Amino acid sequence: MKNLTIGFEQILHSTLSMARNSLKTDLCVFLQFDDGERLCVRAADGKKAHLWKGKAFPLESGPVAECLENKVVRVSKKSKTGLLALLESKSAAKSTFILVPVSGQSRTLGILVCGPFSAATAKSIPEDQLRNTGALCAVLTAHWRLYEWLSSFTPQVNHELRTPLTAVQGSLGMVLGGMYGQVGGEMREMLEMAQKGCERTVLAIEEYLTKQLPNKKSEFSEQQSDKINAKDLRVPPPPKKP
Amino acid sequence: MRVLVAEDDPDIQVILRMVLTRMGKCEVTFTDQGDQVVPMAKSGSPMLILLDMMLPQMSGMEICQALKNDPATQSIPVIFLTARTQPTEMQEGLRLGAVGYLAKPFDPMTLIAQINDIVSPLGVTLGTSA
């Protein structure tokens with residue numbers, strides 16, 4: 001399962017990297033809603049490390065709200081409000097960012113932000129291409145949510161089943177072991193049947209809940225977001241033109 | 001031989017009391033509160049501590065760390081006896097200084113032997129009257 005975690009991270013990052021290369025732009029960021037309904041950097045590819053100072057992005061009216069209404073939005077940074085202020089670019093020629101909603105089956109999971117583009121380029125990018133990248137992020141996010149759920153649910157069930165079984169198996173073991181006197185005949189047969197049932201249940205727990213437990217909890221936390229903000233967005237500057 | 005058991009399930013307490021007193025020939029003290037383990041270990045000077053992982057107030061990991069950081073208790077062998085059976089948790093428990101890790105459910109008739117397998121090299125043996 002640890003490999004699965006690493007694999008998931010790599011796939012998400014590679015998806016953004018491919019999207020950025022395909023769109024020929026500097027930055028591709030996936031902002032995902034966390035459990036507190038805050039919009040945080042989940043994964044990113046690009047060189048705008050200095051842009052990501054906050055842990056969460058405001059959900060004010062404007063382009064973010066518009067994007068969350070399920071439209072691909074092309075916005076000029078000149079308005080410089082909310083999210084756009086954070087997307088400030090030094091390049092005056094490329095001043096437009098594209099925001100793509102990332103939607104699951106029943107809720108919006110986050111926003112994909114790409115840019116900056118020149119206004120003409122931003123208009124020319126097909127919406128399908130953007131939506132497909134958003135859909136891939138959605139699939140990966142759903143997969144991740146399932147992993148998170150499993151990583152907390154299965155250890156808890158494992159524990160909740162093992163604890164009462166300890167009392168059942170322990171008391172049967174002591175009675176059959178002769179701690180309270182000899183047990184024989186049909187009574188012994190019945191108790192041994194119960195003990196075998198316990199042993200089978202323990203084996204089932206071992207097989208389905210212990211061996212397959214995820215090894216670690218989700219890494220999508222504030223700490224992880226900080227890590228992404230501070231480190232993962234930092235890539236080497238482009239080579240200088242001769 | 002005094003053994004301190006930190007276990008919050010009353011049924012498992014009954015089983016452990018029977019096994020440890022009758023088969024292990026031990027004097028057993030129980031607590032069901034995590035934050036009581038270190039003070040009880042200091043005042044009672046047990047030869048062995050059996051520690052559940054999930055306890056109120058303090059987790060087994062936190063307790064183990066506190067025991068190993070305290071010069072008065074750091075030499076007392078700690079064995080986790082728990083239903084938390086993830087390999088990472090086992091490794092973490094041992095890394096914190098526990099000498100062994102026994103999973104629930106356990107077989108009461110072999111529990112003393114399992115404990116002795118772990119603590120005999122440390123000079124502690126249950127089941128003797130000494």
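# Notebook: cysteines, salt bridges and the A–B contact

**Cysteines.** I began with B:Cys26, which is buried at a relative accessible area of 8%. I note at the outset that the model is a predicted one. I then turned to chain A, where A:Cys28 is also buried, with a relative accessible area of 0%. My search for disulfides covered the whole structure and returned 0 over all chains. I asked which cysteine sulfur is closest to that of A:Cys28. The closest belongs to A:Cys114, at 3.6 Å. A disulfide requires the two sulfur atoms to be within 2.5 Å, so the distance of 3.6 Å is too far for a bond.

**Salt bridges, chain A.** I next looked up charged pairs. Side chains of opposite charge can pair when their charged atoms come close. Over all chains I recorded 9 salt bridges. One of them joins the side chains of A:Arg20 and A:Asp45, with 2.5 Å from N to O. I placed A:Arg20 in helix 1 (residues 2-23) and A:Asp45 in strand 2 (residues 39-46) of chain A, so this pair ties together parts that are 25 residues apart in sequence. I checked burial for both partners: A:Arg20 is buried, and so is A:Asp45.

**Salt bridges, chain B.** I found a salt bridge between the side chains of B:Lys42 and B:Asp70, at 2.7 Å from N to O. This pair links distant parts of the chain, 28 residues apart: B:Lys42 lies in helix 2 (residues 37-44) of chain B, and B:Asp70 in the loop between helix 3 (60-69) and strand 4 (78-82) of chain B. The two partners fall into separate accessibility classes when I look them up: B:Lys42 is partly exposed at 43% relative accessibility, whereas B:Asp70 is buried at 14%.

I also examined B:Glu92 and B:Arg95, whose side chains meet in a salt bridge of 2.9 Å, N to O. How far apart are these two along helix 4 of chain B? They are 3 residues apart in that helix (residues 87-95), which means a separation of about one helical turn. I classed B:Glu92 as partly exposed, with a relative accessible area of 30%, and B:Arg95 as exposed, at 58% relative accessibility. I further noted one network in which salt bridges that share partners join B:Glu7, B:Asp52 and B:Lys104.

**Contact between the chains.** I then turned to the interface of chain A and chain B. The contact takes 22 residues from chain A and 21 residues from chain B. Between them the two chains bury about 1,900 Å², and 67% of that area is on carbon and sulfur atoms. Which three residues supply more of the area that chain A buries against chain B than any other three? They are A:His159, A:Thr166 and A:Met179, which supply 29% of it.

I looked for salt bridges across this interface and the rule finds 0. For polar contact I counted 3 residue pairs between the two chains, both residues being at pLDDT 80 or more. On the side of chain A that touches chain B, the elements giving two or more residues are helix 5 (127-176) and helix 6 (185-210) of chain A. Helix 5 of chain A gives the largest share, 14 residues. By class, I recorded 9 nonpolar, 12 polar and 1 charged residues on this side of chain A.

**A single residue in helix 4 of chain A.** Lastly I looked up A:Ala119, which lies in helix 4 (residues 119-124) of chain A. A:Ala119 is partly exposed, with a relative accessible area of 46%. I recorded 8.9 Å between the C-alpha atoms of A:Ala119 and A:Val75, which are 44 residues apart along the chain.

Technical notes: Residues numbered from 1 in each chain as written. Chains lettered and ligands numbered in written order. Predicted model: local features only at pLDDT ≥ 70, side-chain atom pairs only at ≥ 80, totals over all residues. Heavy atoms only, no water. Contact = heavy atoms within 4.5 Å. Buried area = accessible area lost by both parts, 1.4 Å probe. Salt bridge = Lys/Arg side-chain N within 4 Å of Asp/Glu carboxyl O. Polar contact = N/O pair within 3.5 Å; in protein donor to acceptor, adjacent residues only side chain to side chain. Helix = DSSP H or I, 4+ residues; strand = E, 2+ residues; numbered from the N terminus. Nonpolar A, V, L, I, M, F, W, Y, C, P; charged D, E, K, R; others polar. Buried < 20%, exposed > 50% of the residue type's maximum accessible area, 1.4 Å probe, protein only.
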